Amino acid sequence: GHPEQRAKAVVSTQSTGDDNFYNTGTSDTSAAEASSMVGGNYGYGQKKRRINDNVYRFLVPAAVVKVIIGKGGQNIKAVKSMVRDCKISIYAQGSNNADVPKMAPDRVMSIQSSFESLKVILPHLVPNMQLGAEPEEYDVRILIPAHTRMSVNGKHGSTLVRIKTESNSSYFSIFPDPLPNSDEYIVKIINPTIEGAAKALVDIAKAISSTKGCQSVAFYDPQIWTPGTKGDNGSFTDNPPLPGERPPPPGEEETSESGTKEERVDGEVKQEMNEAR
């Protein structure tokens, strides 16, 4: 879409940077169905794609998706009003073209923008990526392709140490195992300030910029597995986010029994959903 195109509510498949904004990322997966899928491959990981140079992928708790979006998309619209060239997507469907499991604890958020715009965007997004409204520290996780790990680590860990020190992060780690059914790894940062957490994410994005698009990778899609069965991957399943609670946003409509959401962004949800399918 055009850079100034308003935020849309679109249910989309995984993308390397399409303007597919939305959503709570829920399906009508029942507890019984979820149980039967635990630890499976869901048909994920079969397609490998090159990620666009200006696209950055993050893992966020499923519980904060509505907070990131804001009522009627107001939080995303506010970000886009400051940086017109950005595109923010939270995916409702995986690479198997099916809705991601409702009970999966995470969602993938992608941002398409320049580095300069990323510096503006992230300080506004980092607070809403937390479970707690006023956390003592900020827990942020960026996804990096397998072949870029050395770029983040640097020779003898030099790049990792530099980013950690310059951002004043209390924790900075590239997890040793990939996320299930994917070629993506998590870099987790814990930082006492919003600005520090955002700086660390931008510095990681810069570190992988020259190698990110060199190889095709299988993107991670939200899924369910038994904790401890998929290695040390830094996921929210195996490595829960910092604790915290948020009151439900005022005026938000509840999830129906079927698990569908009756939210609206620009009043276009139903139409966009039908077109996307």
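Is S113 buried or exposed, and what is its relative accessible area? The points below take up that residue first and then the rest of the model, which is predicted.

1. **S113.** The relative accessible area of S113 is 3%, so this serine is buried, the cut-off for that word being under 20%. S113 belongs to the loop that runs between β3 (106-112) and α4 (115-125). A residue in a loop can therefore be counted as buried, as S113 is here.

2. **What surrounds S113.** Beyond residues up to four places away in sequence, S113 touches N54, Y56, D85, C86, L118 and I121. For D85 there is also a distance: its C-alpha atom is 6.2 Å from that of S113, although their positions lie 28 residues apart in sequence. Another of the residues touched by S113, C86, has a relative accessibility of 1% and so counts as buried.

3. **Overall make-up.** The protein chain has eight helices and six strands. Read from the N terminus, their order is α-β-α-α-β-β-α-β-α-α-β-β-α-α. The chain is 277 residues in length, and 52% of them count as buried. Its accessible surface is about 12000 Å², with 49% of that belonging to carbon and sulfur atoms.

4. **Contacts along the chain.** Take the contacts in the protein chain with a separation of 6 or more: 78% of them join residues 24 or more positions apart. The pair S113 and D85, 28 residues apart, is an example of two residues in contact at such a separation.

5. **The largest core.** In soluble globular proteins, nonpolar side chains tend to be buried together. The largest nonpolar core of this model has 42 residues, and M109 and L125 have the most contacts inside it. Helix α7 (residues 194-207) contributes eight residues, the most of any element.

6. **L125 and the other core.** Which residues does L125 contact, once its neighbours within four places in sequence are left aside? They are I68, I76, V79, I88, M109 and I111. A separate core of 10 residues lies apart from the largest one, and L143, L179, W225 and F236 are among its members.

7. **A62.** This alanine is in the loop between β1 (55-61) and α2 (65-69). Its relative accessibility is 21%, so A62 counts as partly exposed; the limit for buried is under 20%. Neighbours within four places aside, A62 is in contact with A104, P105, D106 and R107. The C-alpha atoms of A62 and D106 are 4.5 Å apart, while the two residues are 44 residues apart along the chain.

8. **K80.** Is this lysine, in helix α3 (residues 74-82), buried or exposed? K80 counts as buried, because its relative accessibility is 9%. From K80 to I121 the C-alpha distance is 8.5 Å, with a sequence separation of 41 residues. I121 has already appeared in point 2, as one of the residues touched by S113.

9. **Two residues with positive phi.** H156 has a phi near 55°, a positive value in a residue other than glycine. N181 likewise has a phi near 55°. H156 sits in the loop between α5 (149-153) and α6 (158-167), and N181 in the loop between β5 (171-174) and β6 (184-191). With a relative accessible area of 78%, H156 is exposed; N181, at 26%, counts as partly exposed.

10. **Charges over rings, and the aromatic pair.** R57 lies over the face of F219, 4.2 Å from the ring centre. K188 is placed over the face of Y171, at 5.3 Å from the ring centre. As for rings paired with rings, a search of the whole structure finds one aromatic pair.

11. **Cysteines.** A disulfide is a covalent bond between the sulfur atoms of two cysteines. How many disulfides are counted in this model? The count is zero. The cysteine C86 is buried, at 1% relative accessibility, whereas C214 counts as partly exposed because its relative accessibility is 47%.

Note on methods. Residues are numbered from 1 along each chain as its sequence is written. This is a predicted model: local features need pLDDT of at least 70, side-chain atom pairs count only at pLDDT 80 or more; totals for chains, interfaces and linings use all residues. Side-chain values use heavy atoms; hydrogens and water are left out. A nonpolar core is a set of buried Ala, Val, Leu, Ile, Met, Phe, Trp, Tyr and Cys residues joined through side-chain atoms within 4.5 Å. Buried means under 20% relative accessible area, exposed over 50%, partly exposed in between (1.4 Å probe, protein chains only). Helices (H or I, at least four residues) and strands (E, at least two) are DSSP runs, numbered from the N terminus. Contact means heavy atoms within 4.5 Å. A disulfide is a pair of cysteine sulfur atoms within 2.5 Å. Accessible areas come from the Shrake-Rupley method with a 1.4 Å probe; for residues, only the protein chains shown count as cover. Rings of Phe, Tyr and Trp (its six-membered ring) pair if their centres lie within 6.5 Å; planes under 30 degrees apart count as stacked, over 60 as edge-to-face and the rest as tilted. A charge sits over a ring if NZ of Lys or CZ of Arg is within 6 Å of the ring centre and within 35 degrees of the ring normal.
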